[in-house]
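Dear colleague,

Please find below the structure that I am handing over to you. My notes on what was found in it follow directly after.

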Amino acid sequence: MASDLLELLNASKDYVSGQTIAGKLGISRNAVWKALQRLRSEGYDIEAVPRKGYRLISSEAAFGQKSIAAALHTQWLGKELLFFSEIDSTNEEIRRRSRKGAKEGLMAVADRQTDGRGRRGRGWTSPAGTSLMFSFLLRPVFPPETAPMLTLVMAIAVSRGISGECGVKTGIKWPNDIVLNGKKLVGILTEMSVEPDYIQEVIIGTGINVSVKDFPAELNTTATSLFLETGKHFSRAGILAAVSEEFERCYAVFCEDRNLKRLAGEYEQLCVNKGKRVRVLDPKGEYEAQAGGIDEYGQLLVTLDSGEKRSVYAGEVSVRGIYGYI
Ligand code: BTN
């Protein structure tokens with residue numbers, strides 16, 4: 001609701017009365033008031049003038065240390081919070097802090113990255129003000145082979161957090177791309193440092209295309225943003241808060257089980273590959289198959305035309321739809 005109000009105020013250069021807002025959004029005056037308070041608590045500067053209404057003065061402050069801290073209602077994630085207007089990479093910053101002994105839950109958020117990193121050695125760039133980029137540090141005490149599953153845990157949290165906060169239906173392209181209307185909305189980069197018998201650190205970095213208006217030609221057909229899909233601007237602090245709270249919930253379940261048994265159902269409901277024909281890009285040889293769900297280790301279960309069943313491990317392999325990205 002706060003995001004609908006933000007959109008409305010954003011679109012209007014003049015004051016908008018509480019009654020007009022209530023009418024346009026189909027909510028009570030009381031709900032308008034609550035949504036206003038929420039936006040203000042996130043740092044939006046909204047002027048209220050008796051008999052005229054409300055006007056958005058500036059949203060510049062809306063994404064910074066203060067507004068993010070105000071929006072976060074987590075137990076432990078992001079309690080230690082770093083905000084950067086510009087940084088090389090939030091994953092890299094977390095790694096530097098981790099090496100100096102930072103604790104689990106440290107979160108770094110940036111408005112712009114100068115050396116943002118994507119998976120498979122690719123980069124990740126977005127203009128300032130358009131994207132939600134953040135990373136956090138985990139120090140799980142479970143065996144090293146368990147750690148890669150955390151990227152699927154994060155995928156559930158990101159998909160659910162965005163859907164809940166923005167009222168859109170996102171899905172997961174196995175293992176951890178978040179998609180909206182068939183295009184990639186979010187990338188997750190999980191980096192870990194492990195010793196033979198313990199995990200030193202896991203850094204999960206997420207880039208969400210919030211208000212990006214255009215993408216480089218090579219990404220145009222596969223990438224999208226919340227703005228491009230909905231025509232609306234959403235609060236980055238609000239999205240971060242929703243995702244973080246979802247992550248705490250999912251991570252608690254995962255830490256108890258050390259596998260995805262209890263989270264697999266939730267994952268499969270979001271997984272856009274399930275029940276679809278996929279092309280498995282296995283370095284040992286590509287093939288087509290029918291995708292099922294995932295097993296408790298996060299492997300994608302596929303059935304080949306011959307009837308042979310295989311479990312696909314995300315570390316080496318990715319999948320595509322047979323007609324394109326999904
Ligand atoms: C992908 O290639 O799909 C993963 C992209 C991950 C990008 C995020 S943005 C925040 C964090 N910092 C980085 O340098 N990368 C991740």
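Which side chain does R262 meet in a salt bridge with a distance of 2.8 Å, N to O? In this predicted model, the partner at that distance is D257. R262 also forms a salt bridge with E256, where the closest N and O atoms are 3.1 Å apart. The three residues differ in their surroundings: E256 is exposed, at 62% relative accessibility, R262 is partly exposed at 47%, and D257 is partly exposed at 23%.

E256 and D257 bring us to helix α8, which covers residues 236-257. This helix has 22 residues and reaches 31 Å from its first C-alpha to its last, close to the expected 32 Å. Of its 22 residues, 16 are buried, so α8 is largely enclosed by the rest of the structure. Just after it, R258 takes a positive phi of about 60 degrees.

Helix α6 (residues 150-166) has 17 residues and spans 24 Å between its end C-alphas, close to the 24 Å expected. Since 15 of these 17 residues are buried, α6 is likewise largely enclosed by the rest of the structure. G167, just after α6, has a positive phi of about 65 degrees.

The count of salt bridges comes to 26. One of them joins R117 and E191, at 2.9 Å from N to O. R117 lies in the loop between β4 and β5 and E191 in strand β8, so this pair ties together parts that are 74 residues apart in sequence. R117 is partly exposed, at 27% relative accessibility, whereas E191 is buried at 18%. Elsewhere, salt bridges link R277, R279, E286, E288 and D305 in a network.

With kind regards

Terms used
Residues numbered from 1 in each chain as written. Predicted model: local features only at pLDDT ≥ 70, side-chain atom pairs only at ≥ 80, totals over all residues. Heavy atoms only, no water. Helix = DSSP H or I, 4+ residues; strand = E, 2+ residues; numbered from the N terminus. Expected span 1.5 Å × (residues − 1). Buried < 20%, exposed > 50% of the residue type's maximum accessible area, 1.4 Å probe, protein only. Salt bridge = Lys/Arg side-chain N within 4 Å of Asp/Glu carboxyl O.
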